[in-house]
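This briefing is addressed to a reader meeting the structure for the first time. Please keep the sequence and the model in view while reading the points below.

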Amino acid sequence: MAGRASRHVAVSAVPACGLYIHVPFCAAICPYCNFNRGLLDDRLKRRYVPAVIAEIRGAPARRRAGTARSAADTVFFGGGTPSLLDPGEIASILDACRDAFALSADAEVTLEANPETVTSASLAAYRQAGVNRLSLGVQSFRDDELRQLGRIHDAARARQAVADARSAGFDNLSLDVMMWLPGQTVARWQESIEALQAADPDHASLYMLELYPNAPLRDVMARAGSAQAPDDVAADMYEWAMDALDGSGFRQYEISNVAKPGRESRHNLKYWTDGEWLGFGPGAHSTMAGVRWKNVSATEEYLARVEGGADIGVEQRDLTAAERWQEAVIMALRLRDGVSIETIARKYGLDIWAGYGDHLQPYVEAGLLLHLDGRLRLSRRGMLVANEVFTVFI
Ligand code: SF4
């Protein structure tokens, strides 16, 4: 304990980092998903838990001399489907985090979960293990849409998971829903948003379905003769939902995220506010002290390398000065509050309005970008063309 106490003192002036743990298993593979995941294989899962624990425990040794930053204040179990790990497995991974890092007492500990994988008993056990934020992958409150997406829960199961989470003591609950689904009309989307409001989470993430070129869902759509609505309808869906949620106790704080006051995702804010994080597990990325690295993605290879004591990194490089400020600006512009011109100038020695104002002015004149009080921020309509605005900086 003495060692841990002194470590707290040594890092007190350094912002705490976030810890991300990638769990690459799913009970079924959704036909639109392009994440790093595979079908649950119990044999691999039994090897995964000790491997990721070994990686976490070895992490301090991987840091460069002079840049050690062992304070952490968020842990995020993402996937894949992290709720396929049982509460005891989550608890032992969290123990490793506490041993290897000075994890703050009030750390935000998020578990992504799919509704069909949780019960009131397992949720109570996750809570007991130290998880204090639950992010449920609901995706839709319509059964026909869920079937089309290849999800293995229905809307009733999603509602049950919300109720179970509340009775297990989760007072920080997030729901993910998806818009611009094949065949989805504005009215059907409104139905899901109204159901979300009725479920009354503390936070919600609203994602637009993006179909990668060979997504199996494209074949499903071709057979069913369904298509995504035109872009302007998708824009209406987005604006309607954000307006509706803003009017019902939530505040949009990022392009895809709304939260009740104080319930913004502290972990994800590290990505959007130029923070630092360490990622563990197959394919996980880390960014710290201007260095970015990535773990090998394939789960079997990750396990073999950890078990054999080999390096699991596949890419490690120092970010260039330009990459660092560009990323800081672009990520901050995702936030409703946007980017402070002065903060970027202080940190990176660059006045972004002086350097890029000529290219940004047309977006300001079109009402897509606001230049007010020393900040640049996207309007709601501007958020729909965020990627176009970001290209100005690259
Ligand atoms: S549950 Fe999530 S991670 Fe798994 S296949 Fe479906 S979308 Fe991908």
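A289 counts as partly exposed, at 29% relative accessibility. It belongs to a predicted model, and its place is in the loop between β12 (285-288) and β13 (291-295). Although A289 is not a glycine, its phi is positive, about 50°.

**Backbone geometry**

- Most residues other than glycine have a negative phi, and most peptide bonds are trans.
- Besides A289, D200 has a positive phi, of about 55°, although D200 is not a glycine.
- D200 is found in the loop between α7 (186-199) and β8 (203-208), and it is partly exposed, with a relative accessible area of 39%.
- The peptide bond from G79 to G80 is cis, with omega near 20°.
- G80 lies in the loop between β4 and α3, and G80 is also one of the residues around the ligand.

**The ligand shell**

- The residues around the ligand are C26, A28, I29, C30, Y32, C33, F35, G80, T81, N114 and R151.
- By type, this shell divides into seven nonpolar residues, three polar and one charged.
- C33, a member of the shell, is buried, with a relative accessible area of 12%.

**Residue S83**

- S83 is placed in the loop between β4 (71-79) and α3 (87-100).
- With a relative accessible area of 5%, S83 is buried, because this value is under 20%.
- The side chains of S83 and T117 are joined by a polar contact of 2.6 Å.
- Not counting residues up to four places away in sequence, S83 touches L111, E112, A113, N114, T117, V118 and Y126.
- N114 therefore appears twice in this account, as a residue touched by S83 and as a residue around the ligand.

**Helix α3**

- Helix α3 has 14 residues and reaches 20 Å from its first C-alpha to its last, close to the 20 Å expected at 1.5 Å a residue.
- At the start of α3, a side-chain oxygen of D86 comes to within 3.1 Å of the backbone nitrogen of G88.
- P87, E89, I90, I93, L94, A96, C97 and A100 are the buried residues of α3.

**Cysteines**

- A disulfide is a covalent bond between the sulfur atoms of two cysteines.
- A search of the whole structure finds zero disulfides.
- C17 is in no disulfide, and the nearest cysteine sulfur, that of C97, is 9.9 Å away; a disulfide requires the two sulfur atoms to lie within 2.5 Å, so this pair does not qualify.
- C17 is buried, with a relative accessible area of 1%, and C97 is among the buried residues of α3.

**Helices α9 and α12**

- The 16 residues of helix α9 (residues 231-246) should span 22 Å at 1.5 Å a residue, and the end C-alpha atoms of α9 are indeed 22 Å apart.
- Within α9, the buried residues are A234, A235, M237, Y238, E239, A241, M242 and L245.
- These buried residues of α9 pack against β7 (173-179), α7, β8, β9 (251-254), β10 (257-259) and α15 (380-383).
- Helix α12 (residues 321-333) has 13 residues and reaches 19 Å from its first C-alpha to its last, close to the 18 Å expected at 1.5 Å a residue.
- In α12, the residues W325, Q326, A328, V329, I330, A332 and L333 are buried.

**Residue D143**

- D143 is placed in helix α5 (residues 143-148), and it is partly exposed, with a relative accessible area of 35%.
- Leaving aside neighbours within four places in sequence, D143 is in contact with D154 and A155.
- The side chain of D143 reaches the backbone nitrogen of A155 at 2.8 Å.

**Distances across the chain**

- D143 and T391 are 248 residues apart in sequence and 38 Å apart in space, C-alpha to C-alpha.
- G355 and S192 are 163 residues apart along the chain, and their C-alpha atoms are separated by 43 Å.
- G355 is found in helix α14 (residues 352-365) and counts as partly exposed, at 46% relative accessibility.

Terms used: Residues are numbered from 1 along each chain as its sequence is written. This is a predicted model: local features need pLDDT of at least 70, side-chain atom pairs count only at pLDDT 80 or more; totals for chains, interfaces and linings use all residues. Side-chain values use heavy atoms; hydrogens and water are left out. Helices (H or I, at least four residues) and strands (E, at least two) are DSSP runs, numbered from the N terminus. Buried means under 20% relative accessible area, exposed over 50%, partly exposed in between (1.4 Å probe, protein chains only). A polar contact is a pair of N or O atoms within 3.5 Å; within protein, one must be able to donate a hydrogen and the other to accept it, and residues adjacent in sequence count only if both atoms are side-chain atoms. Contact means heavy atoms within 4.5 Å. A residue is near a molecule or strand if one of its heavy atoms lies within 4 Å of it. Ala, Val, Leu, Ile, Met, Phe, Trp, Tyr, Cys and Pro count as nonpolar, Asp, Glu, Lys and Arg as charged, and the others, Gly among them, as polar. The expected span of a helix is 1.5 Å times one less than its number of residues.
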